[in-house]
Amino acid sequence: MKKKLIILLSIVMCLAFTGCRLIGSESASETDGEKKEDPTSGFIELEGYVKTIRDEVNIYRTPDENGEIYMTLNKGVDLKRTGGKNGWVRVRLNDILCYVNGKDVEETTIKWATETDAKTVTHIVYIDPAKQIEKDDTLEPIRPDIKISDIADTSKNEENSDEEDSSEQGTESKNIDSSLAKAAMAPSAIGVTTGNFEYDITFAIADKTRKELETMGYTVILSRESDSVNISNSKRALDAVSNEAEIYIRISAGSTKNANTKGMAGFITTDSNPNTKDYYTKSYDLCNLMLDKATKKTGAKNLGLFKTDELTSLNYCTTMPAVSINVGYLSNVDDDTSLGNEEYVNKVSDALTDAVVEYFTGRNLTE
């Protein structure tokens, strides 16, 4: 009996000692270092709306100016406020909680659009920055009502021609009827003095226009996100159709044989085009608006609006108004130099943005 008591006491003492070690270990782990405070906690719950009061306002994922930037907004954008702390405002953007420095926003009484309202105030804009690094001589039907089997001669066109400026440069192969087929993608024009590539210039303008329109609530889709793609003219237009775009804008900066030709030109299909005639008037209005805004903003010469059914991209835009804007000619020294200037490029994109907004809202933006 005495032996059993001794064994029982030993077990109790062992368990007690082990428990002390566990408690001590847990206590030590808590004091090894101070726990970092979650910077997103402690916000006072607030309701209402704020708006940005300057351009290039950064929206952060955490309340930290050294943290990840979620989006950059221009002046006048309304935001749903949910909280505040230490000079930071917590907002909900795209159903995500984000943070903006309080000095960049102010309270607003503007009604925040409901889900139903949003469907009526936003628009889908498709922008096609012309060209890509590699040309593609593969033939494609110039219009959607033509089948590839209708093209008798499938030899490849080796001539250098810009689709948007076919009336001024390049020739089709003698065995190819240009009314039926064209190369899937003509070579990029190159600046006569700068050596800049057309595909870089058009993408820069398209990307800046996209960012400006997105800050205003527009949905903007680009035909390409890089230069190293292989997407034909018809596929770009068909992509706009499949995305239910409300307008299609092609931006080019071609070349001509006449080095003295300079300025901006617009292109739309004719009012007799069976694939696009339903949108002729709206295409005409949009193209004129863009030319007017862009030439006034930059001081470039307005070469006018041209009606043609020889542009593959426009022929395939069968469900929306479609325009092609040539923002300058890289074969001309003055145009080439201008398009190599960032400030000039920004003016072009600002003008295109203003034209889109005025087209949809009828609101004439100040220059």
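Of the 367 residues of the protein chain in this predicted model, 44% count as buried. With the whole chain displayed, colour by secondary structure: 8 helices and 16 strands appear. Among contacts between residues at least 6 apart in sequence, 75% join residues at least 24 apart.

**First stop: the nonpolar cores**

Select Val125, Met290 and Val356, the residues with the most contacts inside the largest nonpolar core, which has 39 residues. Next, highlight the elements that each supply at least two residues of this core: the strands β9 (124-129), β12 (219-222), β13 (247-252), β14 (264-268) and β16 (322-326), together with the helices α3 (198-214), α5 (280-298) and α8 (342-361). Of these, α8 gives the most to the core, with 9 residues.

Which residues surround valine 125, once its neighbours within four places in sequence are set aside? Displaying its contacts brings up Leu213, Tyr218, Thr219, Val220, Ile221, Ile247, Ile249, Val356 and Phe360. Another core, of 14 residues, lies apart from the one just visited; select Ala237, Tyr248, Leu311 and Tyr316, which are among its members.

**Second stop: α3 against α8**

Two packed helices are described by the angle between their axes and the distance between the axes. Show α3 and α8 alone: they pack at an angle of about 45°, with their axes 9 Å apart. Because of that angle, α3 is oblique to α8. The crossing in which α3 passes α8 is right-handed.

To see the contact itself, select Ala204, Ile205, Lys208, Thr209, Glu212 and Leu213 on the α3 side. On the α8 side, select Val345, Asn346, Val348, Ser349, Asp350, Leu352, Thr353, Val356 and Val357. Coloured by class, the contact of α3 with α8 shows 8 nonpolar, 4 polar and 3 charged residues.

**Third stop: α5 against α8**

Keep α8 displayed and add α5. The axes of these two helices come within 8 Å and cross at roughly 145°. Here too the crossing has a hand: α5 passes α8 in a right-handed crossing.

From α5, pick out Lys282, Leu286, Leu289, Met290, Lys293, Ala294, Lys297 and Thr298. They meet Tyr344, Lys347, Val348, Asp350, Ala351, Leu352, Asp354, Ala355, Val356, Glu358 and Tyr359 in α8. The residues of the contact of α5 with α8 divide into 11 nonpolar, 1 polar and 7 charged.

**Fourth stop: leucine 222**

Go to strand β12 and select leucine 222. Is leucine 222 buried or exposed? Its relative accessibility is 6%, so leucine 222 counts as buried. Not counting residues up to four places away in sequence, leucine 222 touches Tyr126, Ile127, Phe203, Ala206, Asp207 and Arg210. Add proline 129 to the selection: leucine 222 and proline 129 are 93 residues apart in sequence and 7.4 Å apart in space, C-alpha to C-alpha.

**Last stop: asparagine 196**

Finish in the loop between β11 (181-185) and α3, where asparagine 196 lies. With a relative accessibility of 27%, asparagine 196 counts as partly exposed. Leaving aside neighbours within four places in sequence, asparagine 196 is in contact with Ala189, Ile190, Gly191, Ile201, Leu330 and Gly340. One of these partners, leucine 330, is 134 residues away from asparagine 196 in sequence, while their C-alpha atoms are 8.4 Å apart in space.

Conventions
Residues are numbered from 1 along each chain as its sequence is written. This is a predicted model: local features need pLDDT of at least 70, side-chain atom pairs count only at pLDDT 80 or more; totals for chains, interfaces and linings use all residues. Side-chain values use heavy atoms; hydrogens and water are left out. A nonpolar core is a set of buried Ala, Val, Leu, Ile, Met, Phe, Trp, Tyr and Cys residues joined through side-chain atoms within 4.5 Å. Buried means under 20% relative accessible area, exposed over 50%, partly exposed in between (1.4 Å probe, protein chains only). Helices (H or I, at least four residues) and strands (E, at least two) are DSSP runs, numbered from the N terminus. Contact means heavy atoms within 4.5 Å. Axes are lines fitted to C-alpha atoms, for helices over the stretch in contact, and angles run from 0 to 180 degrees between N-to-C directions. Angles under 35 degrees count as roughly parallel, over 145 as roughly antiparallel, 65 to 115 as roughly perpendicular and the rest as oblique. A crossing is left-handed if the near helix is turned anticlockwise from the far one by less than a right angle, and right-handed if clockwise. Ala, Val, Leu, Ile, Met, Phe, Trp, Tyr, Cys and Pro count as nonpolar, Asp, Glu, Lys and Arg as charged, and the others, Gly among them, as polar.
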